Amino acid sequence: MSWLDLTDGVMRAATNVFGEPVVFTPSGGQASNKIGIFRDQFLEIDSQTGYQVLTDQPNLGIRNSDFATLPAQGDSFTIRNINYIVHTVHRDGEAGSTILLYKA
């Protein structure tokens with residue numbers, strides 16, 4: 001079993017426990033139901049300058065293998081009946097990504 005398989009298994013378990021239903025709509029595409037870990041709270045980001053930056057930007061943790069094509073800037077999610085637009089996608093280098101969102 002590869003490292004990617006192992007980290008994908010961890011992401012699957014985390015999503016199954018902490019995830020909630022979301023609706024993903026790629027720009028110009030069809031909506032589909034997905035599961036993600038939504039956080040509408042502070043997210044700490046280690047910037048390139050070495051400073052810690054705090055933001056209250058909503059974000060969604062996803063399992064990359066749940067998407068044929070990873071979400072990109074301009075795609076949208078509906079979470080808890082609120083529409084969000086994808087601002088930035090940060091791949092974790094393994095099986096997941098954190099998507100920074102803003103309200104539509």
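**Briefing: nonpolar core and overall form of a predicted model**

The largest nonpolar core consists of 12 residues: Val22, Phe24, Phe38, Leu60, Ile62, Phe67, Phe77, Ile79, Tyr84, Val86, Ile99 and Leu101. At least two residues of this core come from each of β1 (20–25), β5 (59–63), β6 (76–79), β7 (82–91) and β8 (96–103). The model is predicted. The protein contains 1 helix and 8 strands.

**Core**

- Phe67 belongs to the largest nonpolar core. With neighbours within four places in sequence left aside, Phe67 is in contact with Phe24, Lys34, Ile62 and Phe77.
- Among these partners, Phe24, Ile62 and Phe77 are themselves listed in the core.
- Of the 104 residues in the protein, 34% are buried.

**Fold and dimensions**

- Along the sequence, the order of elements is α-β-β-β-β-β-β-β-β. The protein is as compact as a globular protein of its length, because its radius of gyration of 14 Å is close to the 13 Å that the globule rule gives for 104 residues.
- Taken along the principal axes, the box filled by the C-alpha atoms is roughly 35 × 35 × 25 Å.
- Among contacts in the protein with a separation of 6 or more, 40% are between residues 24 or more positions apart.

**Loop between β6 and β7**

- Arg80 is located in the loop between β6 and β7. Its phi is near 55 degrees, a positive value in a residue other than glycine.
- Arg80 has a relative accessibility of 52% and therefore counts as exposed, the cut-off for exposed being over 50%.
- Asn81 is also placed in the loop between β6 and β7. Although Asn81 is not a glycine, its phi is positive, at about 65 degrees.
- Asn81 is exposed because its relative accessible area is 78%, which is likewise over 50%.

**Surface and charge**

- The exposed area of the protein is about 6600 Å², of which carbon and sulfur atoms supply 53%.
- The protein carries 7 positive and 11 negative charges, and the mean positions of these two sets are 6 Å apart.

Technical notes:
Residues numbered from 1 in each chain as written. Predicted model: local features only at pLDDT ≥ 70, side-chain atom pairs only at ≥ 80, totals over all residues. Heavy atoms only, no water. Core = buried A, V, L, I, M, F, W, Y, C linked by side-chain atoms within 4.5 Å. Buried < 20%, exposed > 50% of the residue type's maximum accessible area, 1.4 Å probe, protein only. Helix = DSSP H or I, 4+ residues; strand = E, 2+ residues; numbered from the N terminus. Contact = heavy atoms within 4.5 Å. Rg over C-alpha atoms; globule rule 2.2 N^0.38 Å. Areas by Shrake-Rupley, 256 points an atom, 1.4 Å probe, with all protein chains shown as cover. Lys, Arg positive; Asp, Glu negative; His and termini not counted. Charge placed at Lys NZ, Arg CZ, Asp CG, Glu CD.
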